[in-house]
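This report describes a protein model from its overall fold to selected residues. Please read it beside the sequence and the structure shown below.

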Amino acid sequence: MAEYEWQRIARTIEEEIRSGRIPPGGALPGIVRLAEAHGVADRTIRRALLDLRERGLIETLPHKGSYVVDALPPVSDTSAD
């Protein structure tokens, strides 16, 4: 199944969170740094972060950045989509 770039990036960041590479309470890199690392526009990163926020994996604090939540939600089964 085809996947949007923001979906791929969201999945990559989720894997980093769930593996512990970005621990609970840990800060994600900034939007510009993530965009450079993934070779995409910052709006693509913003969409990926929105998805992660909507799924309860991160929270974003204005002028502070995005952080992994302390208690991760269970892994959702996205194969039914």
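Helices (H or I, at least four residues) and strands (E, at least two) are runs assigned by DSSP, and they are numbered from the N terminus. The model is a predicted one, in which local features need pLDDT of at least 70 and side-chain atom pairs count only at pLDDT 80 or more, while totals for chains, interfaces and linings use all residues. Residues are numbered from 1 along each chain as its sequence is written, and side-chain values use heavy atoms, with hydrogens and water left out.

**Overall fold**

The protein contains 3 helices and 2 strands. Read from the N terminus, the order of these elements is α-α-α-β-β. The radius of gyration of the protein is 12 Å, close to the 12 Å given by the globule rule for 81 residues, so the protein is as compact as a globular protein of that length. Here the radius of gyration is taken over C-alpha atoms, and the globule rule is 2.2 Å times the number of residues to the power 0.38. Along the principal axes, the C-alpha atoms fill a box of roughly 35 × 30 × 20 Å.

A residue is called buried under 20% relative accessible area, exposed over 50%, and partly exposed in between (1.4 Å probe, protein chains only). By this scale, 28% of the 81 residues of the protein count as buried. A contact means heavy atoms within 4.5 Å. Of the contacts in the protein with a separation of 6 or more, 55% involve residues 24 or more positions apart.

**The nonpolar core**

A nonpolar core is a set of buried Ala, Val, Leu, Ile, Met, Phe, Trp, Tyr and Cys residues joined through side-chain atoms within 4.5 Å. The largest such core has 17 residues, of which Ile 13, Ile 17, Leu 28, Ile 45, Leu 49, Leu 52 and Ile 58 touch the most other members. Helix H1 (5-19), helix H2 (31-38) and H3 each give two or more residues to this core. H1 provides the largest share, 5 residues.

Two of these core residues show which parts of the chain meet. Neighbours within four places in sequence aside, Ile 45 is in contact with Ile 9, Ile 31, Leu 34, Ala 35, His 38 and Val 40. Leu 28 is placed in the loop between H1 and H2. With the same neighbours left aside, Leu 28 is in contact with Ile 13, Ile 22, Leu 49, Ile 58, Ser 66, Tyr 67 and Val 68. The C-alpha atoms of Leu 28 and Val 68 are separated by 7.4 Å, although these residues are 40 residues apart along the chain.

**Buried and exposed residues**

The table lists the location and the relative accessibility of five residues.

| Residue | Location | Relative accessibility | Class |
|---|---|---|---|
| Leu 28 | loop between H1 and H2 | 8% | buried |
| Glu 14 | helix H1 | 13% | buried |
| Ala 41 | loop between H2 and H3 | 29% | partly exposed |
| Gly 25 | loop between H1 and H2 | 40% | partly exposed |
| His 63 | loop between S1 and S2 | 86% | exposed |

Why does Glu 14 count as buried? Its relative accessibility is 13%, and buried means under 20%. Not counting residues up to four places away in sequence, Glu 14 touches Leu 52, Arg 55 and Leu 57.

Gly 25 is in contact with Tyr 67, Val 68, Val 69 and Asp 70, its neighbours within four places in sequence left aside. Gly 25 and Arg 46 are 19 Å apart in space, C-alpha to C-alpha, and 21 residues apart in sequence. For Ala 41 and Arg 53, which are 12 residues apart along the chain, the C-alpha atoms are separated by 19 Å. His 63 has a phi near 65 degrees, a positive value in a residue other than glycine.

**The second largest pocket**

On a 1 Å grid over the protein atoms alone, a pocket is an open set of points, reached by a 1.4 Å probe, with protein on both sides within 12 Å along at least five of seven lines; lining residues have an atom within 4 Å of a point. The second largest pocket has a volume of about 150 Å³, where volume is the space filled by probe spheres set on the points, and points are joined across faces, edges and corners.

Among the residues that line this pocket are Leu 28, Pro 29, Arg 46, Leu 49, Thr 60 and Ser 66. Helix H3 (42-54), strand S1 (58-61) and strand S2 (65-68) each supply at least two lining residues. H3 gives the most, with 3 residues. The lining divides into 5 nonpolar, 4 polar and 2 charged residues. In this division Ala, Val, Leu, Ile, Met, Phe, Trp, Tyr, Cys and Pro count as nonpolar, Asp, Glu, Lys and Arg as charged, and the others, Gly among them, as polar.
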